[in-house]
Amino acid sequence: MAEPEQVDVVVVGLGVGGEEVAGRLAEAGLTVVGVERDLVGGECPYWGCVPSKMMIRAANALAEAHRVNELAGSAQVRPDWAPVAKRIRAEATDTWDDKAAVDRFTGKGGRFVRGSGRLDGPNRVRVGDQVFQARYGVVLGTGTRPSVPPIDGLADTPYWTNHQAVEVEELPASLVVLGGGAIGLELAQVFARFGVRVTVVEAADRVLAVEEPEASALAADALRADGVEIHTGVKAGRVSHDGSAFTVHADGAEFTGEKLLVVTGRKAHLEELGLDTVGVDAGQRYLPVDDRMHVTDGIWAVGDLTGEGAFTHIAMYQAGIVVADVLDHMRRTRGGPDASGTSSVVGGAAGVVSAVGGAMSAGGSTVAPGSVPVADYRALPRVTFTDPEVGVVGLTEQQARERGVNVQVGYADLTSSARGWIHKTGNAGFIKLIADADQGVLVGATSAGPAGGEVLSALVVAVHAAVPISQLRHMIYAYPTFHRAISDALRALK
Ligand SMILES: Cc1cc2nc3c(=O)[nH]c(=O)nc-3n(C[C@H](O)[C@H](O)[C@H](O)COP(=O)(O)OP(=O)(O)OC[C@H]3O[C@@H](n4cnc5c(N)ncnc54)[C@H](O)[C@@H]3O)c2cc1C
């Protein structure tokens, strides 16, 4: 057996969260081994956020061009997928090559190891024949993979996940999308706008089931207007593939398509990580962490794996906390400088202090110099990038009621706002505010409409900083913006 090699920190999984932690700890002067079995950068740049938003940008350009006919003359639009596929290869993914990302990490002083990492006892990671013993700890950032439901016949078919949907060069004539969550709806709308006949099949009684019912209705109407067929409350019982087409058999109905895209959620694969060797239960859905991302002594986790929200901004936020906490742990272990970090530890105090400073701003909370920020998810934002966009922060009305909040709701329709009326075609949307009447603050909000995700930022500040509603009512909202509808919704709170 190979002799374990001593290093400071091992990061397993260099997706969004792991790469951020590993890079910043390496920049701070620690000896960091980063282990990645696929592509450094993870799901977001290669098969997630970035290419899907390039696809959406292109599809929205087509939709906007169609709106010329109502607003500005006439336009003939002929969709062509080739430039989209080319852009994804050339600009987003380097044709799924991570050389630039590996260089970015090693350029910061990190040591890169390609392979599958697995815990092998406390502070120890095995990658094939190599074994690393970490002085300060191990960070797990292994993310999630598509969760494919155990539907009869499905596993034997050549179904698509988000990977094939992003990699496609020739569009199919028709597509069945299994799952009406954010990813399913975004991709369904894109393909429909490029002329694919799309059918969405969702088991819940509405699409975007975790968000406000008004958001579900808005998104469903928008997709139907693009020609997407939507079937909700339908449980797929069996899937078959005859060599050229898929059939989804469900509750007496059948849905057929040349391709089948399965987007029914994501799953962490804890069983692969050797958690039993450190006394952690691998039979859980996600890896629970405390508010500084500790799993157990000497092990941190970051990103989708933690189940706190499958978003790049959550992985980055948590990464900031992990960096600060690892450095703090290192100082305490070494009996080095106090939390203000005034004397040299490893690689010079400047690196350490600046890394902690970065963590504080990434953490987003106001913290005393040297102290470690803790995670606070009250104002977690998320955006479904359909057209119209659905931006949400904090609690929905139902979640607030379930938590016993004394709820007030304020609603404003965007179409009857000044900007919505001017905008005309493509103006559907709304602002919905969820207030805690006892505290006099907002605890949640939805901003749906053109640029709904951008308008959301004001509401994120309001929820995050618990800005009193009385102050929000006395703010000046620029005329005629979409965000001005927030003041209408504030007036409607009851
Ligand atoms: C289609 C789609 C669109 C999305 N759009 C958005 C969006 O618009 N905005 C947003 O915020 N989020 C979006 N997301 C979610 C976002 O991609 C994830 O939240 C983010 O990638 C999570 O980062 P992570 O570091 O936790 O995990 P990942 O990015 O999944 O990275 C984990 C890495 O760990 C590696 N790994 C796993 N096990 C091992 C092992 N044992 N050893 C070595 N390496 C291992 C994997 O190969 C992978 O590279 C989207 C996701 C999808 C699928």
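**A helix pair, a ligand site and three loops**

Helices H7 and H8 are roughly parallel to each other, a label that applies to angles under 35 degrees. In this predicted model, local features need pLDDT of at least 70 and side-chain atom pairs count only at pLDDT 80 or more, whereas totals for chains, interfaces and linings use all residues. Residues are numbered from 1 along each chain as its sequence is written, and side-chain values use heavy atoms, with hydrogens and water left out.

H7 covers residues 182-193 and H8 residues 213-225, and the two pack at an angle of about 20° with their axes 10 Å apart; helices here are DSSP runs of H or I with at least four residues, and strands are E runs of at least two. Leu 185, Ala 188 and Gln 189 of H7 meet Ala 219, Ala 222 and Leu 223 of H8, contact meaning heavy atoms within 4.5 Å.

Around the ligand there are 36 residues, of which Glu 36, Lys 53, Gly 117, Asp 304 and Thr 312 come nearest, where a residue counts if one of its heavy atoms lies within 4 Å. An N or O atom in the side chain of Glu 36 is 2.6 Å from a ligand oxygen atom, while a backbone N or O atom of Thr 312 lies 2.8 Å from an oxygen atom of the ligand.

Turning to the loops, Asp 387 and Pro 388 are joined by a cis peptide bond with omega of about 5°, and Pro 388 sits in the loop between strand S18 (381-384) and strand S19 (389-394). The peptide bond from Tyr 479 to Pro 480 is also cis, with omega near -10°. Asp 94, in the loop between helix H4 (82-93) and helix H5 (99-107), has a positive phi near 50°.

Note on methods
Axes are lines fitted to C-alpha atoms, for helices over the stretch in contact, and angles run from 0 to 180 degrees between N-to-C directions. Angles under 35 degrees count as roughly parallel, over 145 as roughly antiparallel, 65 to 115 as roughly perpendicular and the rest as oblique. A polar contact is a pair of N or O atoms within 3.5 Å; within protein, one must be able to donate a hydrogen and the other to accept it, and residues adjacent in sequence count only if both atoms are side-chain atoms.
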